[in-house]
Amino acid sequence: MRFFKRYFITGLLIWLPLVTTVWVLLVLARTLNSLVPSFLSPEVLFGVAIPGFELVLVLLIILLTGLFCANFIGRAILSRWESLLGRIPLVRSIYNSVKQVGDTVFAPNGQAFRQAILVQYPRQGAWTIGFLTGTPCDEIAGLLAGDFISVYVPTTPNPTSGFFLMMPRADVQVLDMSVETALKYVISMGVVAPPASMPPVAVRPVQAVGVDASQ
């Protein structure tokens, strides 16, 4: 029984991340395929089914949209389009929220997570890994006494959900590990530790990162 358990778990640990990765990619591919209208399907255009045609078409449209909006005419059209959406009450709220998150996460010069940090959460004496995301907005900063920073504390093993906290800068300790390494550590529930060659974690207050408080 011990022999079976040992090798079964070993095989499970090999297959689980592989199957999960393939499943996520398939869900993403099906979602992108569903965006293509039926009149652009390969059966209608060429009279024959071409696997992956819809996915390639969506990726091509995204690429061409990026190229078009990179020039002056494209930016002008995009500006007018966003101005039009901004006049529609419900659409305006959804579009602006999604756009702001997208600009923060995917912008080439953006840093959604600026530093991996160590915070006491959910109580004093219990430590967890968080990520510095910026500073509180002007209105909130004016109501807080002292120097505060914005912190995102992810949940395990799904880091896309978590908690947004505003904490005194002095209560936060910055880690020497990269954001990517810290995310792996969180997702693995502490099993995948940082490489042994990595310098020890420096226990020091987090430094300012030049973030505008209005962000």
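**Strand β3 and helix α3**

In this predicted model, proline 154, in strand β3, stands opposite glycine 162 in strand β4. The points below take strand β3 and its partner strands, and then helix α3.

Strand β3 and its partners

- Strand β3 covers residues 148–154, and 7 of its 7 residues are buried, so the strand is largely enclosed by the rest of the structure.
- In a regular strand the side chains alternate between the two faces of the sheet. In β3, Phe148, Ser150, Tyr152 and Pro154 point one way, while Ile149, Val151 and Val153 point the other way, and all are buried.
- Strand β4 (residues 162–168) runs antiparallel to β3 and is joined to β3 by 7 bridges.
- Strand β2 (residues 127–134) also runs antiparallel to β3, with 3 bridges joining the two, and in this pairing glycine 134 stands opposite serine 150.

Helix α3

- Helix α3 has 16 residues (residues 53–68), which at 1.5 Å a residue should span 22 Å, and this agrees with its end C-alpha atoms, which are 22 Å apart.
- The buried residues of α3 are Phe53, Glu54, Leu57 and Val58; seen down the helix axis, these buried residues fall within an arc of 130 degrees, so they line one face of the helix.
- An α-helix has 3.6 residues a turn, so residues three or four places apart point the same way.
- The cover over the buried residues of α3 includes α1 (2–34) and α2 (42–46), whereas Val56, Ile62, Leu63 and Leu67, on the other side of α3, are exposed.

Conventions:
Residues numbered from 1 in each chain as written. Predicted model: local features only at pLDDT ≥ 70, side-chain atom pairs only at ≥ 80, totals over all residues. Heavy atoms only, no water. Buried < 20%, exposed > 50% of the residue type's maximum accessible area, 1.4 Å probe, protein only. Helix = DSSP H or I, 4+ residues; strand = E, 2+ residues; numbered from the N terminus. Pairing = 2+ DSSP bridges. Expected span 1.5 Å × (residues − 1). Arc of directions from axis to C-beta. Contact = heavy atoms within 4.5 Å.
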